[in-house]
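Reader: Got a minute? I'd like to go through this one side chain by side chain.

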Amino acid sequence: MNILQKNQTKAAAVDRPAARLSLAYVWVAYIAFGVAALAGMLQGMVRGGIIELPSWMNYYQILTAHGVLMALIFTTFFIIGFLYSGVAKTTGGTLHGSALGWGWSGWILMVIGTLMAGTMIILNEASVLYTFYAPLKASPIFYIGTALVVVGSWLAGFGIFSRYRKWRRLNKGQNSPLFLYMSVTTYVLWMVATIPVAVEVVFQLIPWSLGWTPTINIMLSRTLFWFFGHPLVYFWLLPAYIAWYVCVPRVIGGHIFSDSLSRLAFICLLLFSIPVGFHHQLMEPGISEGWKMIHVILTLIVVIPSLMTAFSMFAIFETTGRKKGGVGLFGWFKKLPWTDVRFFAPFMGMLFFIPGGAGGIINASNQLNAVVHNTIWVTGHFHITVGAAVALTFFGVSFWLIPVLTGRTLTPTANRMGMVQTVFWSVGMFIMSAAMHTMGLEGGPRRTDFTTYMDHPLALGWMDYQRVMAFGGGLLFVAAVLLILILLYLTFMAPKGHEEFPIAETEEAQPVPRILERWTVWVGVLVVLIVLAYGYPIMEQIQHQAPGSPPFRTW
């Protein structure tokens with residue numbers, strides 16, 4: 001038995017070089033999160049008519065800052081830090097030289113890109129929102145910065161792939177650790193999904209913003225963005241699923257329900273989350289109804305692995321609760337560790353994902369999408385999926401991950417404050433998203449500054465909802481500040497000690513089909529699905545494009 005196998009069986013700690021790398025990613029994520037939270041609170045209060053911004057700042061500037069820093073920078077940095085730590089943990093507690101080199105190279109490039117893009121937002125040279133839709137034109141420095149963030153994330157991915165390759169070479173004929181397998185799946189999705197947006201930025205937006213080309217193909221740029229935009233949601237979700245499948249069972253004293261089912265769910269999410277971007281473009285006139293229908297069907301198929309995940313998680317909860325003495329129909333429910341923030345925060349995220357998934361089905365349905373398209377309903381849906389399901393899971397992970405990386409402990413006081421923070425975030429998100437959904441059903445638009453539309457009665461009726469949104473946003477900001485304070489305590493002031501990196505195992509050895517680890521098969525199937533779903537429409541958009549658009553700056 002080689003050293004990696006021995007270390008794998010005895011719960012090795014994450015060594016110092018790997019911990020430093022992971023912590024560097026995690027703390028950049030939370031710096032971006034803090035700035036984005038402040039921008040989000042200001043945004044809600046401006047839209048609700050509660051405050052007015054100073055003359056040197058505008059609503060769309062802080063809206064862009066909130067979206068870019070929260071949805072792109074916070075999530076990507078945190079995910080990479082989390083994955084690196086788990087990969088190190090499950091392959092012996094360390095990262096070999098090439099993985100560390102790739103990781104730090106990616107971090108440096110991503111930080112440079114973040115500073116470039118963030119500076120342009122601060123200077124009001126990139127108030128184009130996080131989708132950076134053409135024909136609104138940002139500074140070329142903003143586009144170059146975002147491109148560097150993507151390229152840096154690719155370098156980090158090479159580090160994970162190199163670690164996986166080494167593990168397979170040293171453990172021939174064995175199934176890789178589940179955390180490692182899921183990390184590779186997540187990064188395969190990310191690598192494939194970011195290629196089209198990189199093409200959009202490098203070959204369309206940068207030359208156009210520099211004035212090298214006078215116009216841009218709007219339809220093609222949006223198609224390339226949403227090729228990336230929907231898989232981006234699953235890039236956020238898959239690491240949350242990793243925590244649910246692998247870490248939460250250990251936290252509650254249980255086991256993984258099924259290793260094979262867990263891997264199959266991730267393969268299904270990989271295959272069916274990428275060729276579905278047209279469901280974000282159902283109202284676009286330049287895409288035929290037939291191609292939209294194909295993407296809608298593939299979108300709805302994603303429900304299957306989501307239901308597999310829900311089944312697995314509640315099976316784990318019930319079996320664990322019953323082993324702890326729970327009797328009757330729901331007696332097991334009382335035996336779960338409700339006062340442990342490592343479980344409570346991710347569980348609240350799971351609850352939010354139930355209405356979030358239902359809202360996703362509505363958004364992807366052609367007739368229903370026509371009702372809610374471009375209303376603030378979509379923003380509400382976005383917040384209860386990413387802002388609640390994903391964010392709460394990331395918070396729950398952070399409460400044990402940072403002590404693991406710093407050699408400190410999650411104290412009872414920090415745990416209690418984490419519980420308070422989770423409640424504040426959950427209540428604030430529920431209030432804000434409920435107001436957004438309701439206002440969206442009444443026609444309230446998204447992406448708009450405060451306006452009464454010349455005192456139109458319908459618009460005046462939205463004002464109460466917008467104030468409720470602002471109140472929910474205020475609670476979220478309080479929760480964000482509390483979270484940052486807790487994490488600073490866990491990083492620098494908590495007592496030194498050992499905190500477990502929770503990695504669950506199956507209760508009994510289970511055979512796993514070898515086909516699940518044959519990446520040439522699954523990547524090949526994925527490429528076929530992408531070609532079938534996107535090949536002809538993109539070719540048409542290039543060959544029969546509408547007149548291009550010159551750049552516009554509306555701020």
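Author: Sure. Keep in mind that this is a predicted model. Let's begin with a charge over a ring. The charged end of R222 sits over the ring of Y133.

Reader: How far is the charged end of R222 from the centre of the Y133 ring?

Author: The distance is 4.4 Å.

Reader: And what sits over the ring of Y181?

Author: That would be the charged end of R263, 4.8 Å from the ring centre.

Reader: OK, aromatics. How many aromatic pairs are there?

Author: The count is 55. Take F33 and F74: their rings form a tilted pair, with 5.1 Å from centre to centre and 45 degrees between the planes.

Reader: Where do F33 and F74 lie in the chain?

Author: F33 is in helix α2, residues 16–47, and F74 is in helix α3, residues 59–90. They are 41 residues apart, so the pair links distant parts of the chain.

Reader: Is F33 buried or exposed?

Author: F33 is buried, at 1% relative accessibility. F74 is buried too, at 2%.

Reader: What about F33 and W425, how do those rings sit?

Author: Their centres are 5.8 Å apart and the planes meet at 35 degrees. Tilted covers angles from 30 to 60 degrees, so the F33 and W425 pair counts as tilted.

Reader: Which helix holds W425?

Author: Helix α15, residues 412–441. F33 lies in helix α2, so this pair ties together parts 392 residues apart in sequence. W425 is buried, with a relative accessible area of 5%.

Reader: Which residues do the ring pairs link into a cluster?

Author: F33, F74 and W425 are among them. The other members of that cluster are W27, Y30, F78, F82, F179, F394, F395, W400 and F501.

Reader: Switching topic. How many disulfides does the structure hold?

Author: Zero.

Reader: And the cysteines C247 and C268, buried or exposed?

Author: C247 is buried, with a relative accessible area of 1%. C268 has 15% relative accessibility. Buried means under 20%, so C268 counts as buried as well.

Reader: Last one, S312. Where does it lie?

Author: S312 is in helix α10, which spans residues 303–323. At 2% relative accessibility, S312 is buried.

Reader: What does S312 touch, leaving out residues up to four places away in sequence?

Author: S312 touches Y245, F257 and L261.

Notes. Residues are numbered from 1 along each chain as its sequence is written. This is a predicted model: local features need pLDDT of at least 70, side-chain atom pairs count only at pLDDT 80 or more; totals for chains, interfaces and linings use all residues. Side-chain values use heavy atoms; hydrogens and water are left out. A disulfide is a pair of cysteine sulfur atoms within 2.5 Å. Buried means under 20% relative accessible area, exposed over 50%, partly exposed in between (1.4 Å probe, protein chains only). Rings of Phe, Tyr and Trp (its six-membered ring) pair if their centres lie within 6.5 Å; planes under 30 degrees apart count as stacked, over 60 as edge-to-face and the rest as tilted. Helices (H or I, at least four residues) and strands (E, at least two) are DSSP runs, numbered from the N terminus. A charge sits over a ring if NZ of Lys or CZ of Arg is within 6 Å of the ring centre and within 35 degrees of the ring normal. Contact means heavy atoms within 4.5 Å.
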